Amino acid sequence: MFIELTGIGKRYTIDKTTFCDALTDVTLSIDEGEITAIVGRSGAGKSTLLHILGAMEPPTVGTYLLNGTDVTQCRDSELAALRNRYMGFVLQEFALINDLSVADNVLLPAYFNDRPLRTARAAVTPLLEQVGIAHLKRKKARHLSGGERQRVAIARALLNDPALILADEPTGNLDSETAAAIFSLFQSLRDRGKTIIMVTHDNDLAARCDRIIRISDGRVV
């Protein structure tokens with residue numbers, strides 16, 4: 001199994017005597033090559049779960065195995081290496097640098113990886129071709145449409161050839177036609193063996209995924 005969560009809980013301390021349980025006893029597994037949707041109301045714990053899956057914050061209790069590695073036992077340096085090796089992130093607000101070109105935005109992860117910069121730079125144009133925007137590679141990010149910005153974000157997430165892509169509301173700011181095109185791109189990545197986990201409020205989009213994980217009040221229901 002590629003991903004295994006067992007008894008995952010996340011508690012935030014509001015003050016010394018008040019606590020908030022964002023996740024409680026979450027146990028689930030995800031195979032390689034699946035598109036999985038995480039759905040639920042606002043505040044249900046979806047983003048917290050995605051952050052734990054992305055090794056961006058630790059659970060309070062429980063075990064997280066990623067391809068056999070116990071993520072909950074990793075030091076900070078090991079977590080950074082794990083993210084660089086296995087993960088690509090696609091964020092709702094795209095997180096592009098407006099004054100950089102499309103190509104330079106895609107290249108950004110290379111500066112946090114031990115991969116030679118020359119090798120990473122050579123991969124940029126093929127990735128932009130893969131997401132259908134190679135003709136925009138010299139254009140500044142500030143001049144892109146929402147759909148184009150999301151395609152740049154996906155190409156950037158793919159630069160280090162991650163096995164796992166984590167997407168937070170990847171179509172939340174897009175019209176229905178562009179959202180469908182982005183999901184088709186995710187399907188093509190899945191068909192190449194990528195594992196994709198996406199938080200979404202779009203029930204129609206979730207229904208097209210291989211699996212749906214529904215979260216309510218911090219629990220898988």
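**Cysteines, central sheet and a buried arginine**

In the predicted model, Cys-20 has a relative accessibility of 36% and therefore counts as partly exposed. Cys-74, by contrast, is buried, because its relative accessible area of 19% falls under the 20% limit. A disulfide is a covalent bond between the sulfur atoms of two cysteines. Zero disulfides were found when the whole structure was searched.

The strands were examined next. Six of them form an open sheet with mixed pairing, in the order β6-β7-β8-β3-β9-β10. The edges are occupied by β6 (87–90) and β10 (219–220); each has a single partner strand, so one side of each is left without a neighbour in the sheet. Strands of a sheet pair through backbone hydrogen bonds, either parallel or antiparallel. Within this sheet, β3 (residues 35–39) pairs with β8 (residues 195–199) in the parallel sense, over four bridges. Ile-35 has Ile-196 of β8 as its bridge partner.

Helices also pack on the sheet. Helix α1, which spans residues 46–53, touches β3, β6, β7 (164–168), β8 and β9 (211–216). The direction of α1 makes about 155° with that of β7. Helix α6 (residues 176–191) packs on the sheet as well, where its contacts are with β3, β7 and β8. For α6, the angle with the direction of β8 is about 150°.

The surroundings of α1 were considered in further detail. Of the eight residues of α1, six are buried, so the helix is largely enclosed by the rest of the structure. The buried residues are Lys-46, Thr-48, Leu-49, Leu-50, Ile-52 and Leu-53. An α-helix has 3.6 residues a turn, so residues three or four places apart point the same way. Just after α1 comes Ala-55, which takes a positive phi of about 55°.

Another buried residue is found in helix α5, which covers residues 146–157: this is Arg-156. Arg-156 counts as buried because its relative accessible area, 11%, is under 20%. A polar atom of the Arg-156 side chain lies 2.8 Å from the backbone oxygen of Ala-95. With residues up to four places away in sequence left out, Arg-156 touches Phe-94, Ala-95 and Leu-96, together with Asn-105, Val-106 and Pro-109. Ala-95 thus appears both among the residues touched by Arg-156 and as the residue whose backbone oxygen lies 2.8 Å from a polar atom of the arginine side chain.

Definitions and conventions. Residues numbered from 1 in each chain as written. Predicted model: local features only at pLDDT ≥ 70, side-chain atom pairs only at ≥ 80, totals over all residues. Heavy atoms only, no water. Disulfide = S-S within 2.5 Å. Buried < 20%, exposed > 50% of the residue type's maximum accessible area, 1.4 Å probe, protein only. Pairing = 2+ DSSP bridges. Helix = DSSP H or I, 4+ residues; strand = E, 2+ residues; numbered from the N terminus. Contact = heavy atoms within 4.5 Å. Axes fitted to C-alpha atoms, helices over the stretch in contact; angles between N-to-C directions. Polar contact = N/O pair within 3.5 Å; in protein donor to acceptor, adjacent residues only side chain to side chain.
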